[in-house]
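Got the viewer open and the cartoon coloured to taste? Let's take a walk through this one, stop by stop.

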Amino acid sequence: MATHVITGAGSGIGAAVARRLHARGDELVLHARDAGRAKELAAGFPGARTLVGDLADPDKLSWAFSHQTLPDRVDSLLHIAGVVDLGEVGELTPKSWRHQLNVNLIAPAELTRHFLPQLRAARGHVVFVNSGAGLAAHAGWSAYAASKHGLKALADSLRAEEHGHGVRVTSVYPGRTASPMQAKVHQQEGKEYDPARWIAPESVATAVLTALDLPTDAEINDLTVRPGPFSG
Ligand SMILES: NC(=O)c1ccc[n+]([C@@H]2O[C@H](COP(=O)([O-])OP(=O)(O)OC[C@H]3O[C@@H](n4cnc5c(N)ncnc54)[C@H](OP(=O)(O)O)[C@@H]3O)[C@@H](O)[C@H]2O)c1
């Protein structure tokens, strides 16, 4: 049975992925920002283990993990947690830049570093949930897009480095997806939010599972998921 380490499992896309893997009986190790959130996740996903560490403070992840039992088997590491804060370059503060770069880019690199020995041993899979903003940057999106462009670079370098160890690496680039993050984006854009107009988190979960479940003679490097013709 496969063991998956998942970030962002408490909300949106991550919760949809965790529900699907839990329903089919896979082993879950759910990452949470703090002990309270970990307790909620453990209650929502019976049998799942949890791992606590604040992704906004990647310098402290190593210390936090040294006080917890890490899984000795990891078949997949699913980086799904993320944050967004819109603003023009003329307005965004270093604090906002740092927060988005920490959660969206540096913490995934640090988590990957921690789990690489287990991933190599299992000939496992690292999946990064990126964004359309990781491929093109628009007005008002600089810090988030920079973090996601960086995440693409992290994934591409990791793939080149780890193929020799049998580790697969996939980036998934969703368009706007109905989740609390998208509600916040609409609020910052001053637009009314109608979740029915956007991709369902379950559909992005299907894309993630498609990459995971592909036979190991093949690898999906990059998967772009856009709103379908009836969602806009
Ligand atoms: N929604 C979209 O339109 C869209 C489009 C393209 C790409 N994406 C990407 O998809 C991924 C999932 O987004 P979503 O829409 O599902 O967002 P979401 O519903 O806001 O969920 C974000 C998740 O990230 C976790 N997280 C945030 N900061 C954290 C921290 N400091 N430490 C630990 N965990 C933290 C949250 O934890 P809590 O549950 O504790 O808050 C939550 O579980 C993100 O990487 C996002 O950039 C989203």
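Select Leu21 and show its surroundings: leaving aside residues up to four places away in sequence, Leu21 touches His4, Ile6, Asp26, Leu28, Leu78, Leu209 and Leu212. Bear in mind as you click around that this is a predicted model. Leu21 sits in helix α1, which covers residues 12-23. Is Leu21 buried or exposed? Its relative accessible area is 0%, so Leu21 counts as buried, the cut-off being under 20%. Now pick Leu209 from that list of neighbours and draw a distance: the C-alpha atoms of Leu21 and Leu209 are 8.5 Å apart, although 188 residues separate the two in sequence.

Zoom out for the whole chain. That long-range pairing has plenty of company: of the contacts between residues at least 6 apart in sequence, 68% join residues at least 24 apart. Colour by secondary structure and you should find 7 helices and 7 strands. Trace them along the sequence and the order reads β-α-β-α-β-α-β-α-β-α-β-α-α-β.

How does the overall size look? The C-alpha atoms fill a box of roughly 45 × 40 × 40 Å along the principal axes. A compact globule of 232 residues would have a radius of gyration near 17 Å, and the protein agrees because its own value is 17 Å. Of those 232 residues, 50% count as buried.

Switch on the surface next. About 10,900 Å² is accessible, and 55% of that belongs to carbon and sulfur atoms. If you colour by charge, you'll be looking at 23 positive and 24 negative side chains, with the centres of the two sets 1 Å apart.

Next stop: helix α6, residues 180-189. Which of its residues are buried? Select Gln182, Val185 and His186. These three cover an arc of only 100° around the axis, so they lie on the same side of α6. Spin the helix round, and on the face turned away from the buried side you'll meet the exposed residues Pro180 and Gln187. Step just past the end of α6 to Gly190, where phi is positive, near 70°.

For the last stop, go to the loop between α4 (94-122) and β5 (125-129) and pick Arg123. Arg123 also has a positive phi, about 50°, even though it is not a glycine. Is Arg123 buried or exposed? With 57% relative accessibility, Arg123 counts as exposed, because the cut-off for that label is over 50%.

Methods. Residues numbered from 1 in each chain as written. Predicted model: local features only at pLDDT ≥ 70, side-chain atom pairs only at ≥ 80, totals over all residues. Heavy atoms only, no water. Helix = DSSP H or I, 4+ residues; strand = E, 2+ residues; numbered from the N terminus. Rg over C-alpha atoms; globule rule 2.2 N^0.38 Å. Buried < 20%, exposed > 50% of the residue type's maximum accessible area, 1.4 Å probe, protein only. Contact = heavy atoms within 4.5 Å. Areas by Shrake-Rupley, 256 points an atom, 1.4 Å probe, with all protein chains shown as cover. Lys, Arg positive; Asp, Glu negative; His and termini not counted. Charge placed at Lys NZ, Arg CZ, Asp CG, Glu CD. Arc of directions from axis to C-beta.
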